[in-house]
Amino acid sequence: MRTLLGIAALALAALASVPADAAEIVVWHAYRAGEKSALEKVAAAYNSSHPSTKVSTLAVPYDAFADKISAAVPRGKGPDVFIYAQDRLGGWIEAGNTVEPIDFFLDPETKARFIPTTMEAMTYKGTVYGLPLNYKCITLIYNKKLVSAPPKDSDELVAIAKKLTDKGAGRFGLAYAYSDYYYHAALQNAFGGYVFEGGAKPAINNPANVKALEYLLKWLDKDAILPAEPSTALITALFNDGKTAMIFNGPWFLGEIASNVQYGLAPLPKIKEAGDKPMRPWMTVEGAFVAAPSKNKDAAYDFIKYLTDKPAGIIMALEGRQSPANQSAYTDAKVAADPVLKSFHDQVEVAVPMPNLPEMTMVWSPATTVMNSVTRHAASPKAALDAAQAAISKDVAGLRKK
Amino acid sequence: MPAPPAHRLRFLIAVALGAVLGAVLLRGFVSDASRQVADEAQERQAVVTLQALTSLVRRAGGEGDAVRSAVAAWQSRTPSAPQARVFRADGIRLEASTAPDDAGDRAAPRRLRREEKPLYDRSQRIAAAVQTNREEQQARKPEIEVAPAGARLSLAGPLEKNGAVVGIVEIETAPLPLPKPAGWSGFLLALIAPIAVFGGLAFLLGEKRLPLLAAAVVCVAASLSWMGRAAVSELAAQQQRAAEQVAERVRDQATVTQAVATAQVLPGAAAAPGSWDVDDFRQPLGLLTPDGSVNPQRLAQAVDTAARELRRTLLGAGALALALLLLVGLGAFNLIGRSLRRHRQAYLYIAPAILGMVVLVFFPFTYGVTLSFTDSNLYNTGKAISDVWIGLRNYADILGDFAFIKRGDGGSFVNYLNFYWTLLFTIIWTVCNVTIGVVSGLILALVLNTRALALRPIYRVVLILPWAMPNYITALIWKGMFHQQFGVINQVIQLFGFPAVSWFDRPASSFLTALATNGWLSFPFMMVVSLGALQSIPADLYEAARVDGASRLQQFKAITLPSLRPALVPAVIISVVWTFNMFNIIYLVTGGEPGSSTEILVTQAYKFAFERYRYGYAAAYSTVIFGILLVYGSIQNRVSRATEA
């Protein structure tokens with residue numbers, strides 16, 4: 001009897017040692033490998049320095065992640081914090097009860113620590129909904145054996161590329177997935193193009209977009225420096241075989257480069273014909289969001305603030321190989337010395353956040369049609385864009401009509 | 001010996017049940033409508049108060065001491081709204097407040113505290129709503145938020161300066177008076193009168209079925225229509241009273257704001273008080289004249305509309321009650337009850353299955369069909385179904401659009417999103433696939449059926465393999481094989497010196513890829529079915545035919561095909577349905593490329609739901625698909641029954 005009582009007392013004491021009001025924060029993410037362990041390391045560090053909160057992370061397979069958030073979070077079955085890119089943000093906000101606005105928590109110092117455009121990606125109709133964690137965008141990747149100094153502007157680019165192009169031998173000076181609208185957006189933004197104007201009004205057939213497409217046709221036909229039908233697999237093969245000197249691609253591509261290829265990174269060139277404006281790629285920004293039905297919003301915000309702070313940013317950069325959105329992380333000696341992180345940090349200066357409007361999902365399919373028909377000369381840029389504009393306007397109106 | 005007829009008793013029960021159902025439903029609907037009128041009147045009065053205060057705050061410059069003293073002066077004259085707060089988004093500042101909590105060190109002006117986040121979020125939400133409505137030039141998001149707070153209402157509307165939203169004005173009303181419940185006397189009368197009258201009539205009429213039926217219907221219908229008529233006129237009177245209450249509030253607030261403005265020497269002219277009576281989108285309701293008295297014409301119109309709506313609902317309820325009466329009176333329930341009792345065990349056995357079907361099949365199905373009558377989409381998933389009800393418009397949009405060839409400046413082109421194009425494509429897809437499946441399956445079965453064939457079991461296993469693999473894996477493998485550069489098919493083509501084909505760039509070649517994949521997947525099934533049927537054909541039939549001198553072809557036509565028919569027809573019916581809805585292959589292999597030209601109906605419905613976020617439209621699309629397959633199934637059923645005979 002006595003031993004039983006003793007055990008009970010011990011058990012009680014053990015229970016009491018955990019603070020009764022410990023807030024439990026569940027974080028959902030879709031990271032794997034290095035990114036996952038870096039995030040877990042940050043969470044562990046937070047747990048040891050904040051005994052009143054217990055953060056646990058859960059990796060969800062990427063394919064199912066967005067749907068899982070849409071289904072679980074509004075019904076109060078989801079996490080307290082989730083990490084996702086900004087492209088679904090608008091949809092979740094419009095659907096309601098998914099993402100908590102954090103504008104109110106956000107003090108000017110916290111806001112100032114991020115690269116301004118990444119903060120913009122987290123903002124929907126004037127309200128901030130999340131803290132930017134990292135960003136991804138495309139940049140110029142070149143083969144050091146073939147190109148000694150990366151081109152600064154379009155004239156240099158075309159000159160170098162023309163010299164290295166030999167269609168008969170299957171060699172191309174430049175290769176990138178130009179018929180993919182995401183990649184083409186860099187050129188489009190250089191000409192001052194856009195998809196939506198005045199909020200969420202589709203305007204894909206604006207004159208700047210037409211000019212950007214016409215300029216792409218110049219590279220394709222007059223300069224003839226690009227391969228036909230540039231699939232991602234083709235670009236990988238060309239670059240690894242040393243058959244193309246320069247590509248435009250993002251951090252996800254670096255893992256596919258063969259070990260014998262000496263590569264360098266540089267910002268995308270300026271375009272002379274666009275008034276010497278730089279190519280401005282679209283960037284996706286992964287943010288940490290507080291779930292609207294969370295019971296511990298204060299603690300959840302505190303954690304995402306920690307997660308996007310400098311020490312966490314350095315861990316995520318060096319171990320997770322991410323480009324942190326926190327500017328001060330780049331002042332760290334090790335991060336600054338990393339050529340890849342530095343190059344993407346240089347590129348992000350001019351990058352444009354991809355629209356986070358829910359209407360954007362209706363753009364992709366018509367825009368793909370535009371890119372395919374224009375690059376195969378099945379339609380003129382203006383006609384193709386007009387058709388896309390009509391299709392997008394119809395879809396958007398169908399969604400909004402009462 | 002047959003039991004003596006008990007029509008009188010049965011009809012009496014039927015009348016009682018019908019009267020109870022009718023009276024309960026009517027009372028429910030009427031008190032709903034009356035509560036709605038009462039709620040709406042309270043809400044309108046509160047909105048008028050909020051708008052009056054907002055106009056005052058705006059005239060006081062929107063910030064500073066002028067606003068605080070104006071709000072305080074207004075509060076002392078407005079007991080109907082015991083607290084008001086003015087919030088400025090710039091600086092997250094509580095500009096003015098008359099809430100009892102905001103006194104002492106919490107008095108305005110001050111920065112919001114951390115626990116006051118909801119007020120801030122509300123302001124952001126309203127600012128975004130105003131901006132959205134302005135950009136889209138329509139009223140989609142409520143600009144005045146009305147939320148219940150216990151027995152009170154909490155309202156917030158935008159505070160604007162030079163056309164931009166700079167904050168919100170928030171008020172809380174006094175506890176609302178509880179709605180007066182409707183009287184019971186009418187209800188009881190509508191309940192008892194028909195039973196009593198019918199009792200008397202039944203006594204007079206005797207055991208005659210038809211006269212009893214007529215008497216029962218007349219009794220219940222008369223009492224319900226009397227009850228409904230009374231309710232409709234009561235509702236009109238209530239609406240009249242509500243309008244007067246709102247008008248009174250408008251006049252009251254006009255004097256209050258006038259007095260405050262004069263006392264505080266506020267600049268600017270007073271707005272027309274009648275314009276304070278607005279809906280959630282700040283659009284004038286128009287039920288009041290500019291000076292704030294009731295506009296009798298508009299009110300009469302509104303009363304008319306409401307009466308018509310209520311009458312329609314009540315007619316529905318009455319019809320339901322009469323239907324119950326007929327069912328009970330004519331003995332349908334009696335019959336069902338007897339059958340349930342007699343086959344107790346059978347019903348018990350199928351109960352679990354029925355339960356499962358209800359949860360897994362009937363409920364989702366009904367929900368889907370219901371959704372198809374709404375405009376449910378990404379923007380309104382939170383709303384009740386009745387709020388987004390649009391009737392048959394989705395069906396009209398889908399089925400009424402015949403323009404599948406469009407004329408543009410570059411010649412005419414096919415509109416691939418058109419329903420009829422997709423239907424045509426789906427039918428071509430189904431016919432081609434089933435033909436390929438049956439022909440190749442049958443040929444292989446005939447080959448395998450050769451008696452002297454060596455290693456027959458091994459061939460059979462190998463040929464069934466495509467069927468044994470999960471079809472999405474097969475689909476992905478085939479997609480890879482059709483890859484423009486690395487696909488094995490293009491490699492082979494290039495081996496013979498032809499240029500590589502980019503398969504997914506043209507509708508026809510894209511269609512071919514899906515067709516090849518599905519052909520590969522569908523022949524084993526047809527082969528197994530035909531093989532089974534072939535082996536059951538008695539060999540002596542062929543022997544006899546040979547003795548009679550029939551050729552191989554004649555044997556095939558006269559013996560093999562007819563014997564295969566009973567097995568093949570059901571297999572074809574099933575495979576038509578499978579292929580018609582073969583989501584995986586289209587979605588994974590062609591993905592609808594190029595430009596949605598190779599979409600079949602189900603993948604199109606999927607894209608409407610999950611790429612264009614139009615859930616109601618997609619549900620209507622699916623219901624149409626269901627309708628097509630239902631028609632097909634019933635025709636097939638009849639045809640195959642004919643073949644069995």
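Here a visitor asks a guide how some descriptions of this predicted model are justified.

Visitor: Why do you say that strand 7 and strand 12 of chain A pair?

Guide: Two strands count as paired if DSSP finds at least two bridges between them. Strand 7 (residues 139-143) and strand 12 of chain A have 4 bridges, in the antiparallel sense, so they meet that cut-off. Within this pairing, A:Ile141 stands opposite A:Leu265.

Visitor: What makes strand 8 and strand 12 of chain A edge strands?

Guide: Each pairs on one side only. The order in this open sheet of 4 strands is 8-11-7-12, with mixed pairing. Strand 8 covers 172-175 and strand 12 covers 263-266. Neighbouring strands are turned by 20° against each other on average, direction ignored.

Visitor: Which strands does helix 10 of chain A touch?

Guide: Helix 10 (residues 232-240) touches strand 7, strand 8, strand 11 and strand 12 of chain A, and its direction makes about 140° with that of strand 11. Touching here means heavy atoms within 4.5 Å. Helix 7 (residues 154-164) of chain A lies across strand 8 and strand 11, running at about 125° to strand 8.

Visitor: Why is the space of about 50 Å³ called a cavity?

Guide: In a cavity a 1.4 Å probe fits but cannot get out, whereas a pocket is open, so the name depends on whether the probe can escape. The search of the whole structure finds 2 cavities of 30 Å³ or more. The largest has a volume of about 50 Å³, and its lining includes A:Phe114, A:Asp309 and A:Met316. Strand 6 (130-137) and helix 12 (310-318) of chain A each supply at least two residues of that lining. The second largest cavity has about 40 Å³, with B:Arg59 and B:Trp276 among its lining residues.

Visitor: How do you know which element gives the largest share of the lining of the second largest pocket?

Guide: By its residues in the lining: helix 1 of chain B gives 13, and the lining has 34 residues. Helix 1 (7-59), helix 5 (209-264) and helix 6 (296-329) of chain B each supply at least two. Among the residues closest to the pocket's centre are B:Gln36, B:Glu40 and B:Glu309. The pocket holds about 1200 Å³ of space.

Visitor: What makes up the lining of that pocket by class?

Guide: The lining divides into 18 nonpolar, 6 polar and 10 charged residues. B:Val37 is one of those closest to the centre, and Val counts as nonpolar, so B:Val37 belongs to that class.

How values were computed. Residues numbered from 1 in each chain as written. Chains lettered and ligands numbered in written order. Predicted model: local features only at pLDDT ≥ 70, side-chain atom pairs only at ≥ 80, totals over all residues. Heavy atoms only, no water. Axes fitted to C-alpha atoms, helices over the stretch in contact; angles between N-to-C directions. 1 Å grid on protein atoms, 1.4 Å probe; cavity = no way out; pocket = protein on both sides within 12 Å on 5 of 7 lines; lining within 4 Å. Points joined across faces, edges and corners; volume = space filled by probe spheres on them.
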